[in-house]
Amino acid sequence: MAGDILAEIVEKRKKDIETHSITFGFPVPKTRTRKIHQFVPAGKKCTILEIKRASPSKCDIAPNLNAGKTAQEYALSGAGAISCLTETNYFKGNLGDFMQAANALDALESEGKSVPALLRKDFLLNADEVTVSFRSGADAVLLIARILDKETLLAMAQKCAELNISALIEVRKDDDLQKLAFVAKQVPSDYIVCGVNARDLRDFSIDLLSPAKLLGKIKSILGEHARVVFESGIRTPNAAHFAGSLAFSALLLGEAAAKNPAEASNLVSAFCDAQSTKNAEKWLSLSQKMAEKSEHRPLVKICGITNEADALKAAQLGADFLGFVFARKSPRAVTAECVKKIAQSLSDSGLKNRVMFVGVVVDTESEESRSAVQLAQSGVLDFIQLHAAEHAVISGDFNADIPHFCAVNISSADDLKKIDSLKELGEPRILIDARNGSQIGGTGTMICAELAQEAAKKNKLWLAGGISAENVREITAALHPELLDVSSSLEESPGKKSHEKLEAFFASLSQ
């Protein structure tokens, strides 16, 4: 979607307020009539289900929903909180929907049922709008740091504290974190919940690792027990389970819940029942590494490592990952003992903490695959790369708790559907590689630029195939990959790296 949609929404909102006032023409009560419910209680995971008619990226989602009925369905499905969108131009919501939802929840409560907190989700711009939200029945309001200067954000958060409701402060960039820190020094943490949107509100692209990248930084500001919400981008129970394994306090579900409220309970339980896994721990660790990375160059994975000398050289030059092929027929195949020996050598040299080890697996049923999985379980390997074995994840045959990511071969637009299928399952990154006949990996063949560009629209681009010192600057400038996977172009012969080519590659990348 072209342009900055967030800026358009804000500008239209300002004009609407000038025309209709901050109540947008709805008869808001002069005083609040409902009791206040706690929003995202500390120490207990919960889901926030959203009443949402439409969005700029999906257009109509549930245009004919009844806000009151939907709120009651969500409450009965076990939602920890309910979010109601009240923006009209792009999301087709309004304050009428919000007050209808509040009344419906009060009716349930009058029957003796427990009801969740109600969040007003909108693009609020000043403290007076917080007051209007409170009078309308809000237990919490969304405050988007990106659209507010720090003084306005502070005034709005202070108004929340004064009214005894919560501020869900949404952050995404380092500038937002600075605003959060400014507010946190002056507003008690009891009134602050922090949210990170997996969807970039400028272009509505989704990155499932965006929330994980900021989790550590948020906790350094608000404390280890900070309440942090994973917002948006989750549409299936598998993806909800992945988000739940990442140590977030809550998950905000929009489109998936709005389209089918009756199935919301499956998403709720998938998130709330999820425990931390080795897979989650590794993705959190990698996310923190990416968040702290000062260089602007892509991450680099040097694949096809078979010996200590090549591993040491690659690590010294700045490789972020070393790839080891566990496939008997490959000329770059390694054994578990070989990888352990290389790991010890890097540890002795003080380089092991600089790089992550990746075991490349083709056949998940093979003896080599089982050997790689054992190395991952023992911590020698950081990730398993399932190369051309994405069906094992989609079918559930591969243990999803093992730290892993998938690599898919792309030769046509139809192959791009594999990325969508894996993202639906909560796979945060997918490596794409070219196809060369029956050969997978190490082909030296570059993927079609147009297909790579389409893949980049679906997910942060992890790219393999035909990358060398001669073309890496051109590829980086054109495609802005997050990770480059390089193998055969840096070899003297299959399985043996040229140290001169390694040096030339990293020198070209740094220019």
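In this predicted model, the charged end of Lys-289 sits over the ring of Phe-321, 5.7 Å from the ring's centre. A second lysine does something of the kind elsewhere: Lys-150 lies over the face of Phe-182, at 4.7 Å from the ring centre.

Phe-321 leads on to other rings. One aromatic cluster is formed by Trp-283, Phe-321, Phe-383, Phe-405 and Trp-462. A pair of aromatic rings is described by the distance of the centres and the angle of the planes. The structure holds nine such aromatic pairs. In one of them, Trp-283 and Trp-462 meet in a tilted arrangement. Their centres are 6.1 Å apart, and their planes make an angle of 40°. This pair links distant parts of the chain. Trp-283 belongs to helix H11, residues 278-292. Trp-462 belongs to strand S17, residues 462-464. In sequence, the two tryptophans are 179 residues apart. Are they buried or exposed? Both Trp-283 and Trp-462 are buried.

Next come the open spaces. Rolling a probe the size of a water molecule over the atoms shows where empty space is left. The largest pocket holds about 1800 Å³ of space. Its lining has 48 residues, and the closest to the pocket's centre are Arg-172, Asp-207, Lys-213, Lys-460 and Glu-482. By class, the lining divides into 23 charged, 15 nonpolar and ten polar residues. Which elements give two or more residues to this lining? They are helix H7 (210-222), H11, helix H16 (417-424), helix H17 (449-458) and helix H18 (472-479). H17 gives the most, with five residues. H11 is also the helix that carries Trp-283 of the aromatic pair.

Asp-207 deserves a stop of its own. It is found in the loop between strand S8 (192-197) and H7. Its relative accessibility is 2%, so Asp-207 counts as buried. What does Asp-207 touch, leaving aside its neighbours within four places in sequence? Asp-207 is in contact with Ala-198, Lys-213, Arg-429 and Lys-460. Lys-213 and Lys-460 are also listed with Asp-207 among the residues closest to the centre of the largest pocket.

Some space is closed off instead. There are four cavities of 30 Å³ or more. The largest cavity has a volume of about 130 Å³. Its lining is made by 16 residues, and Phe-91, Lys-121, Phe-123, Asn-197 and Leu-201 are the closest to its centre. Seven of the lining residues are nonpolar, four are polar and five are charged.

Now turn to two helices. Helix H4 spans residues 127-136. Why is H4 described as largely enclosed by the rest of the structure? Seven of its ten residues are buried, so the rest of the structure largely encloses the helix. The buried ones are Ala-127, Glu-129, Val-130, Val-132, Ser-133, Phe-134 and Ser-136. They pack against helix H1 (5-20), helix H3 (95-110), strand S5 (117-121), strand S6 (140-144) and helix H5 (150-163). Helix H8 has buried residues too: Ala-239, Ala-240, Phe-242, Ala-243 and Gly-244. The buried residues of H8 pack against strand S10 (250-253), helix H10 (264-272), S9, H11 and H16. Two of these partners, H11 and H16, appear in the lining of the largest pocket as well.

The tour ends with three serines in loops. Ser-232 is found in the loop between strand S9 (228-231) and helix H8 (237-244). Its phi is near 70°, a positive value in a residue other than glycine. With a relative accessible area of 8%, Ser-232 is buried. Ser-21 has a positive phi as well, of about 75°, although it is not a glycine. Ser-21 is found in the loop between H1 and strand S1 (46-51). Is Ser-21 buried or partly exposed? At 34% relative accessibility, Ser-21 counts as partly exposed.

Ser-488 is found in the loop between strand S18 (483-486) and strand S19 (491-493). Its relative accessible area is 24%, so Ser-488 is partly exposed. Ser-488 and Met-290 are 198 residues apart in sequence. From C-alpha to C-alpha, Ser-488 and Met-290 are 26 Å apart in space.

Note on methods: Residues are numbered from 1 along each chain as its sequence is written. This is a predicted model: local features need pLDDT of at least 70, side-chain atom pairs count only at pLDDT 80 or more; totals for chains, interfaces and linings use all residues. Side-chain values use heavy atoms; hydrogens and water are left out. On a 1 Å grid over the protein atoms alone, a cavity is a set of points where a 1.4 Å probe fits but cannot get out, and a pocket is an open set with protein on both sides within 12 Å along at least five of seven lines; lining residues have an atom within 4 Å of a point. Grid points are joined across faces, edges and corners, and a volume is the space filled by probe spheres set on the points. Ala, Val, Leu, Ile, Met, Phe, Trp, Tyr, Cys and Pro count as nonpolar, Asp, Glu, Lys and Arg as charged, and the others, Gly among them, as polar. Rings of Phe, Tyr and Trp (its six-membered ring) pair if their centres lie within 6.5 Å; planes under 30 degrees apart count as stacked, over 60 as edge-to-face and the rest as tilted. Helices (H or I, at least four residues) and strands (E, at least two) are DSSP runs, numbered from the N terminus. Buried means under 20% relative accessible area, exposed over 50%, partly exposed in between (1.4 Å probe, protein chains only). A charge sits over a ring if NZ of Lys or CZ of Arg is within 6 Å of the ring centre and within 35 degrees of the ring normal. Contact means heavy atoms within 4.5 Å.
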